[in-house]
Amino acid sequence: MSHSFKLASRQSKHQNSEIQVGNVVFGGTKIIVIAGPCAIESRDQLFEVARSVKLAGVSILRAGAYKPRTSPYAFPGLGIEGLKILKEVSGEFQLPTVTEVLDIHSVEECGQYSDILQIGSRNMQNVNLLKEVGKSKKPVLLKRGMSSTVEEFLLAAEYILSSGNPNVILCERGIRTFETETRNTLSLSTIPLVKELSHLPIIVDPSHATGRSSLVVPMARASIAAGSDGIMIDVHPDPQSALCDGKQALTPVQFTQLMNECAPIAKAVGRFL
Ligand code: PEP
Ligand code: MN
């Protein structure tokens, strides 16, 4: 083995892994679109977003109940109340969900309310958390650490795989560079590189990668052109009043436009949305 990761490696498994979440398959021909607000703010807010993204054709609803905010004074999420809203909305619109799990103590709880457990960028090297979700049966969406190399990213996936959970979906969400105009710098080459090195599916989050709503559609298009298995997009009914990450959120109308613009790109690379 030429790399330090083994189970995640393309050499250990030549065929692409397909990760199933209900009727949704990551790593197949269909490009999986995940959309929703950064944070669950209220029942009304999540219902409104879910209704609009369902109409636009998304496969999975995203929404955070526990938010790892940079400032201790920022909105930390609704916690368990948010998880209950997420489950209710998921049932109402028949949309599987993904939500971030912040620590080892909330893995079981989040797993009871959501279909996919998200490991955030700030926790990519929290090895105890990686091992804990590795013991869970739930699929895991592993976001790239903002200062992590691709090898470190795949080694984080290796922790989950080697703890017994083969259902890992990788997510490129941009890395820290000297650039300050964008929140992070989207590393597009990571997509085909990960495809070379690993059999795991990889999706892209252009919302957190850019931090600017005007850049989300072009970067979503580019991600699909580069071979991404999916995209994850922040959508908010009123981005200006969002309690978290409003600058990068698309309105439902802008999101529908994104779907329309991405469909022909998917077709051009032999896939569909
Ligand atoms: C998120 O997706 O809500 C999030 C906090 O993203 P990241 O961990 O990539 O910063
Ligand atoms: Mn966010």
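Which helix joins β5 and β6 in a right-handed β-α-β unit? Keep that in mind while you load the view. This is a predicted model.

**Stop 1: β5 and its neighbours**

Select residues 107–113. This is helix α3, and with β5 and β6 it makes a right-handed β-α-β unit.

Now select β5 itself, residues 97–100. Both of its faces are covered. T97 and T99 sit on one side, V98 and E100 on the other, and all four are buried. In a regular strand the side chains alternate between the two faces of the sheet.

Add β6, residues 116–119. β5 and β6 run parallel and are joined by 3 bridges. To find the register, pick T99: L117 in β6 stands opposite.

Turn to the other partner, β4, at residues 60–62. β4 and β5 also pair in the parallel sense, over 2 bridges. Here L61 has T97 of β5 as its bridge partner.

Next, show helix α2, residues 80–93. Together with β4 and β5, α2 makes a right-handed β-α-β unit.

**Stop 2: Q94, between α2 and β5**

Follow the chain out of α2. Q94 lies in the loop between α2 and β5. Check the backbone there: Q94 has a positive phi of about 55°, although it is not a glycine. Most residues other than glycine have a negative phi. Is Q94 buried or exposed? Q94 is exposed, with a relative accessible area of 61%.

**Stop 3: β3**

Select residues 32–36, strand β3. How many of the 5 residues of β3 are buried? The count is 5 of 5, so β3 is largely enclosed by the rest of the structure. Show the side-chain directions. I32, I34 and G36 point one way, and V33 and A35 point the other way.

β3 pairs with β10 in the parallel sense, over 5 bridges. Start from I32 and look across to G230, its bridge partner in β10. β3 is also joined to β4, by 2 bridges, and these two strands run parallel. Here A35 is the residue to pick, with L61 as its bridge partner in β4. The chain gets from β3 to β4 through helix α1, residues 43–56, in a right-handed β-α-β crossover.

L61 is worth labelling. Its bridge partners include A35 in β3 and T97 in β5.

**Stop 4: the manganese ion**

Select ligand 2. Which residues coordinate the manganese ion? They are C38 through SG, H208 through NE2 and D245 through OD, at 1.9 to 2.3 Å. In sequence, the donor residues are spaced C-x169-H-x36-D. H208 lies in helix α7 (residues 206–210) and D245 in the loop between β10 and α9, so the pair ties together parts that are 37 residues apart in sequence.

Look at the two in turn. H208 is buried, with a relative accessible area of 8%. D245 sits in the loop that runs between β10 (230–234) and α9 (252–268). The phi of D245 is near 55°, a positive value in a residue other than glycine.

**Stop 5: the pockets**

Stay with H208 and D245 and switch on a surface. Both are among the residues closest to the centre of the largest pocket, as are P68, R122 and R183. That pocket has a volume of about 350 Å³, and 22 residues line it. Which classes make up the lining? There are 10 charged, 7 polar and 5 nonpolar residues.

Next comes the second largest pocket, with about 190 Å³ of space. Select R183, G211, R212, D245, K247 and Q248 to see its lining. Of these residues, 4 are charged, 2 are polar and none is nonpolar. R183 and D245 belong to this lining and are also among the residues closest to the centre of the largest pocket.

**Stop 6: G164**

Finish with G164, in the loop between α5 (150–162) and β8 (168–172). G164 is exposed, with a relative accessible area of 57%. Draw a distance from its C-alpha to that of G134. The two glycines are 30 residues apart in sequence and 5.5 Å apart in space.

Note on methods
Residues are numbered from 1 along each chain as its sequence is written. Chains are lettered from A and ligands numbered from 1 in the order in which they are written. This is a predicted model: local features need pLDDT of at least 70, side-chain atom pairs count only at pLDDT 80 or more; totals for chains, interfaces and linings use all residues. Side-chain values use heavy atoms; hydrogens and water are left out. On a 1 Å grid over the protein atoms alone, a cavity is a set of points where a 1.4 Å probe fits but cannot get out, and a pocket is an open set with protein on both sides within 12 Å along at least five of seven lines; lining residues have an atom within 4 Å of a point. Grid points are joined across faces, edges and corners, and a volume is the space filled by probe spheres set on the points. Ala, Val, Leu, Ile, Met, Phe, Trp, Tyr, Cys and Pro count as nonpolar, Asp, Glu, Lys and Arg as charged, and the others, Gly among them, as polar. Buried means under 20% relative accessible area, exposed over 50%, partly exposed in between (1.4 Å probe, protein chains only). Two strands pair if DSSP finds at least two bridges between them. A crossover is right-handed if, with the strands pointing away from the viewer, the path from the first strand over the helix to the second runs clockwise. Donors are N, O and S atoms within 2.8 Å of the metal (3.2 Å for Na, K and Ca); water is not among the atoms, so sites may look incomplete.
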